[in-house]
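This report looks at the interior of one protein model, moving from a single side chain to cavities, a covered helix and the nonpolar cores. Please keep the sequence and the structure in view while reading.

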Amino acid sequence: MNYKISHPTKVVECEIDLPASKSISNRLLIIKALCEDSFEIENLSDSDDTKNLIYSLNTLRNTIDVAHGGTTFRFLTSYLAIQNGKEFILTGSDRLKERPIKKLIEALKIMGAKIEYLENDGFAPLKISGSILKGGCVEIDGGISSQFISSILLISPVLQNGIQLKINNDLVSKPYIEMTLKLMSEFGIHWEWNENKIEIIPQKYVGKNIVIESDWSAVTFWFEIAALAKECNIKLNGLLKESIQGDKKVMKLFEKLGVASVFKNNQLILTKNWKSSLPGKIDLLETPDIYQPLKCTLSALNINPEIIGLKTLKYKETNRIIAVETELEKLNSSKNIETYKDHRMAMSFAPLCLKFGELKINNSEVVNKSYPKFWEDLKKGGFTIAPSADSGN
């Protein structure tokens, strides 16, 4: 489905129930699968990634296809490697087969994992023969994906010798590692993180019922909308002020792009403050998911600071740096936006209709990967959304 997106007034007033955090949901599902105690998880994400992980964990078929789910694939790689005596084929979409997995596999093999590449060395699909992993002293490159590290950490308490994980090189997306460890603490796991080494001794997860907070990554698109609107009063539900999600950094970042944000009556309320005082350089090494909505906002406002810390973006659903630059160049001509099977492309470019007039977003259904109700929520904010005549549906 291709959508035409516009906004008749450029004034955005709405109250939005944000989606649950996909990142927290997926980590908790692995913890639940490893925990001997039964417990309930409320407000699980309804994203495609989380649905695929639930299905995969519940069925454990011999062949598991996670489609575009990079997090799902990486978390399952470690989880399936400890399913002693069972054999699996783990695969995904053509794009997922282009995303690197080698550094994770190398670390797991040091622990005793039995994993083979079925097509290209270092990439999916994988043949995984579950076994008892010893754990112990392992090194891993921290500069490719924080999900490699989280994947290992989540299974580490049930390994024979626990883990002493040494992280080499600059660590990308550090808040996601911190999220993983904080959630493990919630379920009884003790850990130590000194400099570049994380140590976890063998122990058991302790079950407890838990409610998942809303997704700060989804909030970034509403900050973009607030920055580009003539006026706004946007009330966002479900967020925690003291969140464990790193993307809460968006509050301070967009404060310098004209957006005031305050927690009041359990809502995050966005209004205009009309300030613009961005530094000349912005480092997104710890929060790369902010890049697309931030870059689109900056482009619309004709602000051009240097953005660094983007080295992981070429390994995402698409090469996000190239994709964003390519589509931004179209805004003064065709206004026909390709999404490259990337949910964040669709959600980052749709708000640009506030500055550039009606846009066409191709393959709009890609938002289902993380924020299935995105288009419905935009309508609540006064956006006009209609199927394009060339949708074929």
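In this predicted model, a polar atom of the side chain of serine 151 lies 2.7 Å from the backbone oxygen of arginine 74. The side chain of serine 151 also makes a polar contact, at 2.5 Å, with the side chain of serine 78. Serine 151 belongs to helix 5, and its relative accessible area is 1%, which is under the 20% limit and therefore makes serine 151 a buried residue. When residues up to four places away in sequence are not counted, serine 151 touches Arg74, Phe75, Ser78 and Leu104.

Arginine 74 leads on to the cavities, since Arg74 is among the residues that line the second largest of them, together with Gly70, Phe73, Leu96, Arg99, Pro100 and Ile101. A search of the whole structure finds four cavities of 30 Å³ or more, and the table sets out the two for which a volume and a lining are described here.

| Cavity | Volume | Nonpolar lining residues | Polar lining residues | Charged lining residues |
|---|---|---|---|---|
| Largest | about 380 Å³ | five | eleven | twelve |
| Second largest | about 50 Å³ | four | one | two |

The largest cavity, with a volume of about 380 Å³, is lined by 28 residues, of which Lys22, Thr71, Gln147, Asp289 and Lys316 are the closest to its centre. Four helices each supply at least two residues of this lining, namely helix 1 (22-34), helix 3 (70-81), helix 5 (146-155) and helix 11 (343-349). Of the elements that contribute to the lining of the largest cavity, helix 1 gives the most, with four residues.

Is helix 9 mostly covered or mostly open to the outside? Helix 9, which spans residues 291-300, is mostly covered, as nine of its ten residues are buried. The buried residues of helix 9 are Tyr291, Gln292, Pro293, Leu294, Lys295, Cys296, Thr297, Leu298 and Ala300. After helix 9 comes asparagine 302, whose phi is positive, near 55 degrees.

Threonine 297, one of the buried residues of helix 9, can be set against lysine 264, from which it is separated by 33 residues in sequence and by 26 Å in space, C-alpha to C-alpha. Lysine 264 is found in strand 14, residues 259-264, and has a relative accessible area of 53%, which is over the 50% limit, so lysine 264 counts as exposed.

Leucine 294, another buried residue of helix 9, is also part of the largest nonpolar core, a set of 64 residues in which Trp222, Ile234, Leu236, Leu294, Leu352 and Trp375 have the most contacts. The largest share of this core, ten residues, comes from helix 7, residues 216-228. Apart from its neighbours within four places in sequence, tryptophan 222 is in contact with Cys14, Ile16, Leu18, Ile234, Leu236, Leu270, Tyr371, Asp377 and Leu378. A second core, separate from this one, has 63 residues and includes Ile30, Ile41, Met184 and Phe187. As general background, nonpolar side chains in soluble globular proteins tend to be buried together.

Technical notes: Residues are numbered from 1 along each chain as its sequence is written. This is a predicted model: local features need pLDDT of at least 70, side-chain atom pairs count only at pLDDT 80 or more; totals for chains, interfaces and linings use all residues. Side-chain values use heavy atoms; hydrogens and water are left out. Buried means under 20% relative accessible area, exposed over 50%, partly exposed in between (1.4 Å probe, protein chains only). On a 1 Å grid over the protein atoms alone, a cavity is a set of points where a 1.4 Å probe fits but cannot get out, and a pocket is an open set with protein on both sides within 12 Å along at least five of seven lines; lining residues have an atom within 4 Å of a point. Grid points are joined across faces, edges and corners, and a volume is the space filled by probe spheres set on the points. Ala, Val, Leu, Ile, Met, Phe, Trp, Tyr, Cys and Pro count as nonpolar, Asp, Glu, Lys and Arg as charged, and the others, Gly among them, as polar. A polar contact is a pair of N or O atoms within 3.5 Å; within protein, one must be able to donate a hydrogen and the other to accept it, and residues adjacent in sequence count only if both atoms are side-chain atoms. Contact means heavy atoms within 4.5 Å. A nonpolar core is a set of buried Ala, Val, Leu, Ile, Met, Phe, Trp, Tyr and Cys residues joined through side-chain atoms within 4.5 Å.
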